[in-house]
Amino acid sequence: MNKVPFEPRLSKSGLCSDCGVVAILADNGNMKICPRCYGVLWSRDSEDHLRKKQAEATAAAARMAERRAFKTKLKAREEALKNKDVP
Ligand SMILES: [Zn+2]
């Protein structure tokens with residue numbers, strides 16, 4: 001059995017990172033495969049998936065920042081109230 005040590009990827013110059021062969025389009029341009037090792041180097045699906053994941057991460061970070069800002073606001077209000085009690 002021919003085992004691939006690592007999953008080939010599409011290099012910046014459009015080559016298979018494993019074989020150094022120019023990737024070819026497949027599946028009506030939805031996929032780029034290596035003609036030598038037949039590895040799927042790129043697919044529209046995986047890119048969409050990645051973009052979705054990045055968007056989720058960005059949204060989560062924004063939510064966290066919002067919550068942190070809210071907490072800071074609460075704390076500031078608490079401090080202000082405390083300062084009011086002091087004559
Ligand atoms: Zn390859």
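In this predicted model, three strands form an open sheet in the order E1-E2-E3, with antiparallel pairing. E1 and E3 stand at the edges, and each has a single partner strand, so one side of each lacks a neighbour in the sheet. On average, neighbouring strands of the sheet are turned by 30 degrees against each other, direction ignored. The sheet accounts for the three strands of the chain, which also has one helix. Read from the N terminus, the elements follow the order β-β-β-α, and the helix therefore comes after the strands in the chain.

The pairing of E2 with E3 can be followed residue by residue. E2 covers residues 31-33 and E3 covers residues 40-43, and three bridges join the two strands in the antiparallel sense. Met31 of the pair stands opposite Ser43 in E3. For Lys32, the bridge partner in E3 is Trp42. As a general point, side chains in a regular strand alternate between the two faces of the sheet.

E2 and E3 form a hairpin, with six residues between the two strands. Tyr38 is found in this loop. Its phi is near 55 degrees, a positive value in a residue other than glycine. Tyr38 has 10 other C-beta atoms within 10 Å, and because 12 or fewer is the limit for an exposed residue, Tyr38 counts as exposed.

The other loop of the sheet, between strand E1 (24-26) and E2, contains Asp27. Asp27 also has a positive phi near 55 degrees, and is likewise not a glycine. With 12 other C-beta atoms within 10 Å, Asp27 is exposed, because a count of 12 still falls in the exposed class.

Ala23 gives the contrasting case. This residue lies in the segment before E1. Ala23 has 25 C-beta neighbours inside 10 Å, and it counts as buried because the threshold is 20 or more. Leaving out residues up to four places away in sequence, Ala23 touches Leu10, Gly14, Leu15, Cys16, Lys32, Ile33, Cys34 and Leu41. Ala23 and Arg36 are 13 residues apart along the chain, and their C-alpha atoms are separated by 9.0 Å.

Several of these contact partners return in the largest nonpolar core, which has five residues: Cys16, Ala23, Ile33, Cys34 and Leu41. Ile33 belongs to E2. Apart from neighbours within four places in sequence, Ile33 is in contact with Ala23, Ile24, Ala26, Tyr38, Gly39, Val40 and Leu41. Among these partners, Ala23 and Leu41 are fellow members of the core, while Tyr38 is the exposed loop residue described above. Ile24 and Ala26 belong to E1, and Val40 and Leu41 belong to E3. Ile33 in E2 thus has contacts in both of the edge strands.

Two figures describe the chain as a whole. Buried residues make up 8% of its 87 residues. Of the contacts between residues at least 6 apart in sequence, 18% join residues at least 24 apart.

How values were computed: Residues are numbered from 1 along each chain as its sequence is written. This is a predicted model: local features need pLDDT of at least 70, side-chain atom pairs count only at pLDDT 80 or more; totals for chains, interfaces and linings use all residues. Two strands pair if DSSP finds at least two bridges between them. Helices (H or I, at least four residues) and strands (E, at least two) are DSSP runs, numbered from the N terminus. A nonpolar core is a set of buried Ala, Val, Leu, Ile, Met, Phe, Trp, Tyr and Cys residues joined through C-beta atoms within 7 Å. Two residues are in contact if their C-beta atoms, placed from the backbone, lie within 7 Å. Axes are lines fitted to C-alpha atoms, for helices over the stretch in contact, and angles run from 0 to 180 degrees between N-to-C directions.
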